[in-house]
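I opened the notebook to go through one structure, topic by topic. My entries are below.

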Amino acid sequence: MYYHRLGTIPAKRHTQFRQPDGSLYKEEVVSSEGFSGIYSILYHINPPTRIKTLKEPVPYGPKVVRDYALRQTHLNTSKVGDTGNDYLDARKVLLTNADCSISICSPRERKMNYFYKNAEGDEVLYVHDGKGVLISQFGKIEIGKGDYIVIPRTVIYKLDFEGGPLRLLIIESASPVETVKRYRNQLGQLLEHSPYCERDIRPPSELVTDNSKGEFLMKIKKQSFLHHYVYDHSPLDLVGWDGFLWPYAFSINDFEPITGRVHQPPPVHQTFQGKNFVICSFVPRLFDYHPLSIPAPYNHSNIDSDEVLYYAEGNFMSRRGIERGSFTLHPGGLPHGPHPGTVEKSIGAKETHELAVMIDTFRPLHLTTDGLEFNDPKYPMSWTDERAEGFNEVNSP
Ligand SMILES: [Fe+2]
């Protein structure tokens with residue numbers, strides 16, 4: 001990331017910075033990897049340490065299916081509707097391992113009446129449907145359809161969504177979510193061959209300084225519980241901050257695809273990285289232009305990764321089985337590839353308008369009991385059944 005600042009900060013860090021009444025603002029260093037990673041310095045009106053009430057924690061988290069067999073998997077979540085009442089109730093983890101979790105979230109309530117902090121993981125929200133604003137200590141970010149919202153751990157936030165369809169794909173990461181290392185120079189700037197650059201990243205733009213007093217509930221996620229803290233002041237009490245650690249938005253529509261004469265491998269679609277997993281964006285693009293090229297992907301065995309594809313937009317909706325909002329899981333240990341007849345059919349195709357998000361994990365994912373509810377039992381045999389022709393022929397990695 002890069003340096004950003006909002007509001008008022010003192011000329012020198014760790015020095016006296018006084019409020020109009022003469023008292024000191026309360027400085028807070030928010031740092032990662034101990035004091036070795038990126039950090040920001042925040043200036044509060046109130047001490048961030050002052051708690052009014054500490055309530056009992058509430059168990060929170062997915063249940064893993066332990067006896068799920070090795071098989072190609074399709075989770076059809078296209079018709080799910082609301083997945084819960086509020087933002088945290090509605091987050092349904094479908095697939096998980098120690099490195100990341102993949103959830104859907106379509107809350108009935110569009111505004112949060114509490115603050116939320118994930119104390120153990122970075123979060124990436126992909127806004128499949130929805131429009132609103134992310135409000136955090138770092139300021140406001142307007143968000144809309146197609147946005148990735150990257151929220152570092154411990155950022156205190158709430159979401160206000162407008163009416164209309166609302167559907168989020170949420171990837172929670174045990175490690176920091178970063179831009180792709182091979183696209184960065186030694187000082188962190190995104191290089192010329194990166195599919196996106198700093199101009200495409202939208203940092204918080206409007207600081208909210210709320211000096212009100214009362215009761216402010218914060219739900220903190222850590223170690224399979226939601227911990228309920230009540231503060232006597234708004235956590236949005238910053239007058240300024242600066243640094244490298246802040247939430248941001250990046251639209252999948254600003255990802256510039258890399259294409260070639262022959263079929264390009266999935267890493268050209270990589271958008272973010274975490275430890276032991278990557279997030280990729282499959283966006284509208286021209287197909288391969290070698291005179292003998294085959295736009296459909298080749299069969300392949302991903303011997304050390306599980307591949308999850310989330311189908312966001314495109315004409316796969318007309319195909320058998322897969323719909324807008326479907327997930328497929330192609331686990332390591334099995335080859336996968338185009339469906340019968342689709343390789344020949346793809347020849348001569350010039351472009352695709354499909355849009356998808358892929359999460360590749362280098363350690364196996366586990367299906368959850370919530371995920372199992374969406375399982376399509378016919379999918380493992382869909383390469384054998386000729387009636388599957390036309391299914392997902394070109395965009396799948
Ligand atoms: Fe694949």
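These entries cover the metal site, one sheet, one strand pair, the salt bridges, the backbone and a surface patch.

**Entry 1: the model**

I noted first that this is a predicted model.

**Entry 2: the iron site**

Which residues coordinate the iron ion? I found His300 and His336, each through NE2, and Glu307, which is listed with two OE donors. The distances run from 2.1 to 2.6 Å. Along the chain the donors follow the spacing H-x6-E-x28-H. The two histidines link distant parts of the chain, 36 residues apart. His300 sits in strand E24 (residues 300-301) and His336 in strand E27 (residues 335-336).

I then looked up the geometry. The four donor atoms make angles of 55 to 137 degrees, and the site is irregular. A tetrahedral label would need all angles between 85 and 135 degrees. The ideal for four tetrahedral donors is 109.5 degrees.

Are the histidines buried or exposed? His300 has a relative accessible area of 18%, so I logged it as buried. His336 is at 4% and also counts as buried.

**Entry 3: the eight-stranded sheet**

I traced an open sheet of eight strands. Its order is E16-E20-E13-E10-E15-E8-E7-E30, and the pairing is antiparallel. The edges are strand E16 (201-202) and strand E30 (366-367), each of which pairs on one side only.

Inside the sheet I picked one pair. Strand E13 (residues 147-151) meets strand E20 (residues 248-251) in the antiparallel sense, over four bridges. Val150 has Tyr248 of E20 as its bridge partner.

A salt bridge also connects strands of this sheet. Arg202 and Asp147 form it, with the closest N and O atoms 2.8 Å apart. Arg202 belongs to strand E16 and Asp147 to strand E13, 55 residues apart in the chain. Arg202 is partly exposed at 27% relative accessible area. Asp147, at 4%, counts as buried.

**Entry 4: strand E9 and its partner**

Next I checked strand E9 (residues 115-118). Phe115 and Lys117 point one way, Tyr116 and Asn118 the other, and all are buried. In a regular strand the side chains alternate between the two faces of the sheet.

How do E9 and E17 run, parallel or antiparallel? They run parallel, joined by four bridges. Asn118 has Lys221 in E17 as its bridge partner.

Lys221 came up again among the salt bridges. Its side chain meets that of Glu120 at 2.7 Å, N to O. Lys221 lies in strand E17 and Glu120 in the loop between E9 and strand E10 (122-129), so the pair ties together parts that are 101 residues apart in sequence. Lys221 counts as buried at 12% relative accessibility. Glu120 is partly exposed at 24%.

**Entry 5: other salt bridges**

How many salt bridges does the structure hold? I logged 16.

One of them joins Arg108 to Asp82, with the closest N and O atoms 3.2 Å apart. Arg108 is in the loop between strand E8 (100-105) and E9. Asp82 is in the loop between strand E6 (73-76) and strand E7 (92-96). The two are 26 residues apart. Both ends are partly exposed: Arg108 at 47% relative accessibility, Asp82 at 41%.

I also noted a network of salt bridges. It links Asp129, Lys145, Glu313 and Arg324.

**Entry 6: positive phi**

Most residues other than glycine have a negative phi. I looked up two residues with a positive one.

Thr154 has a phi of about 70 degrees. It is in the loop between E13 and strand E14 (157-161). Thr154 counts as partly exposed at 30% relative accessibility.

Gln223 has a phi near 50 degrees. Its loop runs between strand E17 (213-222) and strand E18 (225-233). Gln223 is exposed, with a relative accessible area of 59%.

**Entry 7: a nonpolar patch**

Which residues make the nonpolar surface patch? Tyr3, Ile38 and Phe244 do, with an area of about 260 Å². I placed Ile38 in the loop between strand E2 (26-31) and strand E3 (39-44). Ile38 counts as partly exposed at 36% relative accessibility.

How values were computed. Residues numbered from 1 in each chain as written. Predicted model: local features only at pLDDT ≥ 70, side-chain atom pairs only at ≥ 80, totals over all residues. Heavy atoms only, no water. Pairing = 2+ DSSP bridges. Donors = N, O, S within 2.8 Å, 3.2 Å for Na, K, Ca; no water. Tetrahedral: all angles 85-135°; square planar, octahedral: opposite > 155°, others 65-115°. Buried < 20%, exposed > 50% of the residue type's maximum accessible area, 1.4 Å probe, protein only. Patch = residues over 30% accessible without salt bridge, like charges linked within 9 Å, V, L, I, M, F, W, Y side chains within 5 Å. Areas by Shrake-Rupley, 256 points an atom, 1.4 Å probe, with all protein chains shown as cover. Salt bridge = Lys/Arg side-chain N within 4 Å of Asp/Glu carboxyl O.
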